[in-house]
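Hi,

Here is the structure I promised to pass on. Have a look at it first, and then read my notes underneath.

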Amino acid sequence: MKTALITGATRGIGNAIALHLKNEGFRVLGTATSSAGVSKLEEEGIEGLALDLNSAESKEKFWEQVEKKEVQISVLVNNAGITRDNIVLRMSEDEWLDIMNVNLNSAFYLSKKVLKMMLKLKWGRIINITSTSASIGNKGQSNYSAAKAGVEAFTKSLAREVGSRNITINSIAPGFIDTDMTQQNDGVNTDELIKEIPLGRFGKPDEVAHLASFLCSEEASYITGQIIHINGGLYM
Ligand code: NAP
């Protein structure tokens with residue numbers, strides 16, 4: 001049985017991916033920032049682990065817990081992400097650095113950890129969840145867009161480094177998906193946003209999860225270093 005690790009598995013896109021992979025027979029480890037989140041995951045049949053990607057101490061404790069399980073992780077989904085929106089002139093250094101820690105630095109930290117397992121297994125899949133905003137930018141999201149663009153460049157470089165070892169690295173770049181993250185878009189007119197989307201609606205977490213499942217499969221073995229957009233035509 002293959003083991004998958006999904007960060008930010010409690011809600012939204014990460015939860016949908018975790019449940020899809022569990023239904024496909026993976027052993028799934030999922031992370032949450034709170035003990036309530038860990039319990040929710042356990043109830044769903046996912047092995048819950050506490051992880052705050054903005055805390056070096058939490059990351060260290062988390063990895064100790066993973067090692068205690070003596071698992072060999074062959075699928076990593078770097079999904080956890082946050083926004084701290086502000087225009088550059090008003091953005092604090094913390095708003096910039098929190099985004100870099102959670103959205104960009106985490107991909108390096110966890111990929112490096114699991115790659116050692118994947119090299120032993122001679123098989124691996126890393127999927128990074130980025131965003132359309134990495135390609136088109138977004139007013140008030142310079143920090144978020146820069147972090148996601150960084151993850152996309154990381155994806156391509158790492159794909160070149162480990163391709164010969166049967167490990168694929170890809171990014172999924174969603175547009176607007178109906179999750180807590182898009183519901184907290186203060187002052188944003190959803191009807192106006194939807195007018196910009198050729199398919200005329202937000203996407204569903206499940207639709208992103210289908211794509212992630214495919215990228216984890218044997219059938220996707222010749223896809224690496226790609227940024228795969230899923231956005232209802234918002235960006236093409
Ligand atoms: P969400 O519903 O807000 O869920 C965020 C997840 O990240 C939660 O599981 C949360 O855990 C976890 N998380 C938050 N802060 C964390 C931290 N400091 N350390 C570790 N985990 C943390 O988000 P979503 O919309 O599903 O987004 C998932 C990914 O897709 C993100 O990378 C996001 O940038 C990307 N994305 C989303 C959209 C969209 O329209 N929704 C579009 C493009 C890209 P807790 O539940 O414990 O807080």
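Below is what I found, going from the strands to the ligand and then to a few single residues. One thing to keep in mind throughout: this is a predicted model.

**The strands**

I'd begin with S4, residues 73-78. Six of its six residues are buried, so the strand is largely enclosed by the rest of the structure. It has a partner on record with S1 (residues 3-6), paired in the parallel sense over four bridges. If you want a spot to click on, Ala4 stands opposite Val75 of S4. S4 also runs parallel to S5 (residues 124-129), and four bridges join the two. Val75 turns up again here, this time opposite Arg125 in S5. To get from S4 to S5 the chain passes through helix H4, residues 93-121, in a right-handed β-α-β crossover.

Now go back to S1 and look at its pairing with S2 (residues 27-32). These two are parallel as well, with four bridges between them, and Leu5 sits opposite Leu29 in S2. Together with helix H1, S1 and S2 form a β-α-β unit that is right-handed. S2 is mostly covered, with five of its six residues buried.

S2 in turn pairs with S3 (residues 47-50), again in the parallel sense and over four bridges. Ala32 is found opposite Ala50 in S3. The connection from S2 to S3 goes through helix H2 (residues 35-43), and that β-α-β crossover is right-handed too.

One more residue in this part: Leu76, which belongs to strand S4. Is Leu76 buried or exposed? Its relative accessibility is 0%, so Leu76 counts as buried. Its C-alpha lies 9.9 Å from that of Met118, and the two residues are 42 apart in sequence.

**The ligand**

There are 29 residues around the ligand, and those that come nearest are Thr10, Thr33, Asn79, Tyr144 and Thr179. Tyr144 deserves a click: one of its polar side-chain atoms lies 2.5 Å from an oxygen atom of the ligand. Two backbone contacts are worth displaying as well. At Leu53, a backbone N or O atom is 2.8 Å from a ligand nitrogen. At Gly175, a polar backbone atom lies 3.3 Å from a ligand oxygen.

How much of the ligand does the protein bury? Taken alone the ligand exposes 900 Å², and the protein buries 92% of that. Three elements give two or more residues to the shell: helix H1 (12-23), helix H6 (142-162) and helix H7 (180-183). H7 provides the largest share, three residues. By residue type, the shell divides into 14 nonpolar, eleven polar and four charged.

**A few single residues**

Two residues have a positive phi without being glycines, so to speak odd ones to check by eye. 

- Lys122 has a phi of about 55 degrees. You will find Lys122 in the loop between H4 and S5, and at 60% relative accessibility it counts as exposed.
- Asn166 has a phi of about 65 degrees. Asn166 is placed in the loop between H6 and strand S6 (167-174), and it is partly exposed, with a relative accessible area of 40%.

Last, Asp94, which is found in helix H4. Asp94 is exposed, its relative accessible area being 54%. The C-alpha atoms of Asp94 and Phe176 are separated by 25 Å, with the two positions 82 residues apart along the chain.

If you only have a few minutes, I'd open the model on Val75, which stands opposite Ala4 and opposite Arg125. From there, move over to Tyr144 and its 2.5 Å contact with the ligand.

Cheers

Definitions and conventions. Residues numbered from 1 in each chain as written. Predicted model: local features only at pLDDT ≥ 70, side-chain atom pairs only at ≥ 80, totals over all residues. Heavy atoms only, no water. Buried < 20%, exposed > 50% of the residue type's maximum accessible area, 1.4 Å probe, protein only. Pairing = 2+ DSSP bridges. Right-handed = clockwise from strand over helix to strand, strands pointing away. Near = heavy atom within 4 Å. Polar contact = N/O pair within 3.5 Å; in protein donor to acceptor, adjacent residues only side chain to side chain. Areas by Shrake-Rupley, 256 points an atom, 1.4 Å probe, with all protein chains shown as cover. Nonpolar A, V, L, I, M, F, W, Y, C, P; charged D, E, K, R; others polar.
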